[in-house]
Amino acid sequence: MHISSARTRRTDTSDADVVIVGAGLAGLAAAHHLTGAGLEVVVLEAGREIGGRMATDHVDGFRLDRGPGLLCADWPELAGLPGLGLASTLALRPFTPGALLRTGDRCLPVGDLRAGTGRHARAVRQGREGRQGHGVAYPSAYHPRSTKQALNAARSFGGGRGRGRTPRATRTTMSDALDLALLRAGFARLANTPAERLRARAELPAGEALSVRGLPARTADTLVAPLLAALLGDPELRTSSRVADLALRGFIRSGLCLPAGGASTLPELLAAGLPPGTVRRGVRATSVAANGVGTADHGTFGCRAALIATGAGDAALLLPGLRVPDYHPVTVLHHAADEPPMSAPALVVDADRRGPVSHTWVASAVDPSRARPDRTLVTSVVLGPAATDPTGPLDKAVRARLADLYGTSTDRWELLGGHHDPRAVPAMPAPHDGRRPVRVLCGLYVCGDHRDASGPQGALSSARRAAVEVLRDFGLRTAGVDEDEELAAA
Ligand SMILES: Cc1cc2nc3c(=O)[nH]c(=O)nc-3n(C[C@H](O)[C@H](O)[C@H](O)COP(=O)(O)OP(=O)(O)OC[C@H]3O[C@@H](n4cnc5c(N)ncnc54)[C@H](O)[C@@H]3O)c2cc1C
């Protein structure tokens, strides 16, 4: 980064070059780009904790994420953050095999192309089809080499021989085998389609697009739709098909993972990499202008530019007129069990969609640091209208469904915590503009997942775009930050 020092100087009365409102992923990432460019930055966070929707609660030796915290393992945006060394410090714990679709008494492994043996699978495995594991530490773990091996993992349901489900529960039928073969071929095609081609496709609601993409209706309905609903947080599948294609492609190419230690590991690492004193907790912004940010109890922070990095609803309170999207509500429930109901670190998706559970996983099998050594942590996600049910009745219904999905009694499971967020995921119906403007006027900017794509990757991407606009308006060079084309193609 080259800086014209004459143009970066600020006045004596300002507290920082840039004041950022909100210490979620977007605000912290923007702070990295701007401090990396030599600017003085203050980040104001209303809460006592940083991380926003990626916070983790510590309860009785367990680490409970407030959101699902599922990350796509290939994070070009993360690797692009300056001066962080995240590649060596952030450990990601992979789900293997990619996902297990539970339908009837069967369990079908999908999504992990590394498990295939065909030409496309080999190419993806060997990274010949594009950027793989882009700079993010990906600990070696169980990677099935064949469908048979993945099915063996599925058979670990019930914690092993003699406990929980019998092997019969995971047998596959001929039609399952056909569905899986068709799905694998479709996934391989999608994985090898350049992102630009996907962005150029006609945009439909994702559910409608499924029926015109060449997959038999049964394969689309039973296998792809529930998986997409889980990836997008949208059980109705009204999300733009472009967004859905890109999400599915990311899942197939690199799989899903959890940050070791909880979702908050990522914002905590980001905050720790900023100059000391940059982040001020417990400071709520009440007004924002290009030359200063007013707060509830801490006066006004003078600046040369202000960047609002809150969720859409809070941003609209500070910037009246800003568009507020619809949201997908999400509830996450965490249970403690004495025995693991399944030993595979896999994402279990309810392909029958009987509700209320959309997807669930044995969090302590994926990331052992999330539970006490003597207990098992099971995390489950509820989407759609059921997510707004009160915790008591919802827990009862969730336990009943988990007993079916894992094939074991859940009567003695203990509810450790539940977190409901009515504004968890900004909706992205077609047509979706994934690059909403981040510059309001010279000196006033806005970023966050609602400006880009819902989810951590969108939050980071919007932060980088906003940082580029700030640097341009300051007359600074943006080399090193403005790598839009390269990242977009990833
Ligand atoms: C329950 C749940 C489920 C989710 N599911 C998924 C999923 O399945 N897949 C996926 O990809 N993503 C999911 N997400 C979304 C993902 O967590 C977010 O996209 C991402 O964390 C957004 O980051 P952000 O920085 O844009 O906003 P936020 O994380 O919301 O950060 C905004 C910050 O601004 C602060 N703030 C607000 N107002 C003020 C103010 N006036 N003054 C000072 N500070 C203020 C807030 O306290 C907060 O810390 C989920 C989130 C939740 C909660």
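This report covers the ligand site, the sheets and some backbone features of a predicted model.

**Ligand site**

The ligand is surrounded by 31 residues. Ala-26, Glu-45, Arg-53, Pro-68 and Asp-449 are the closest. By type, the shell divides into 15 nonpolar, 9 polar and 7 charged residues.

Two domains take part. Domain 1 (5-54 + 264-325 + 436-489) and domain 2 (58-259 + 327-426) both contribute residues to the shell, so the ligand lies between them.

Four elements each supply at least two shell residues: helix 2 (25-36), strand 2 (41-45), strand 19 (414-426) and helix 16 (456-473). Strand 19 gives the most, with 3 residues.

Oxygen atoms of the ligand make polar contacts with the protein, including those tabulated here.

| Residue | Protein atom | Distance to a ligand oxygen atom |
|---|---|---|
| Leu-25 | polar backbone atom | 3.1 Å |
| Glu-45 | side-chain N or O atom | 2.6 Å |
| Arg-53 | backbone N or O atom | 2.8 Å |

On its own the ligand has 1,000 Å² of accessible area, and the protein covers 90% of it. Glu-45 and Arg-53 appear in the table, with 2.6 Å for Glu-45 and 2.8 Å for Arg-53. Both residues are also among the closest to the ligand.

**The seven-stranded sheet**

Strands of a sheet pair through backbone hydrogen bonds, either parallel or antiparallel. An open sheet of 7 strands has mixed pairing. Its order is 8-7-16-17-18-15-19. Strand 8 (106-110) and strand 19 are the edges; each has a single partner strand, so one side of each lacks a neighbour in the sheet. From one strand to the next, the twist averages 20 degrees.

At one edge, strand 7 (residues 99-103) and strand 8 run antiparallel and are joined by 5 bridges. Arg-102 has Cys-107 of strand 8 as its bridge partner. Strand 19, at an edge of this sheet, is also the element that gives the most residues to the ligand shell.

**The three-stranded sheet**

Strands 11, 12 and 13 form an open sheet in that order, with antiparallel pairing. Strand 11 (285-289) and strand 13 (300-302) are the edge strands, and each pairs on one side only. Neighbouring strands are turned by 15 degrees against each other on average, direction ignored.

Strand 11 is joined to strand 12 (residues 292-295) by 4 bridges. Ala-289 has Gly-292 of strand 12 as its bridge partner.

**A hairpin with positive phi**

Strand 3 (residues 56-59) and strand 4 (residues 62-65) run antiparallel, joined by 4 bridges. Thr-56 has Asp-65 of strand 4 as its bridge partner. The two strands form a hairpin with 2 residues between them.

Asp-60 sits in the loop between strand 3 and strand 4. Its phi is near 50 degrees, a positive value in a residue other than glycine. Most residues other than glycine have a negative phi, and most peptide bonds are trans.

**Cis peptide bonds**

Which peptide bond is cis ahead of Pro-356? The bond from Gly-355 to Pro-356 is cis, with omega near -5 degrees. Pro-356 lies in the loop between strand 16 (347-350) and strand 17 (357-362). Strands 16 and 17 are neighbours in the order of the seven-stranded sheet.

The bond from Ala-430 to Pro-431 is also cis, with omega near -5 degrees. Pro-431 is in the loop between strand 19 and strand 20 (439-441).

Terms used
Residues numbered from 1 in each chain as written. Predicted model: local features only at pLDDT ≥ 70, side-chain atom pairs only at ≥ 80, totals over all residues. Heavy atoms only, no water. Pairing = 2+ DSSP bridges. Axes fitted to C-alpha atoms, helices over the stretch in contact; angles between N-to-C directions. Near = heavy atom within 4 Å. Polar contact = N/O pair within 3.5 Å; in protein donor to acceptor, adjacent residues only side chain to side chain. Areas by Shrake-Rupley, 256 points an atom, 1.4 Å probe, with all protein chains shown as cover. Nonpolar A, V, L, I, M, F, W, Y, C, P; charged D, E, K, R; others polar. Domains from an automatic or database assignment.
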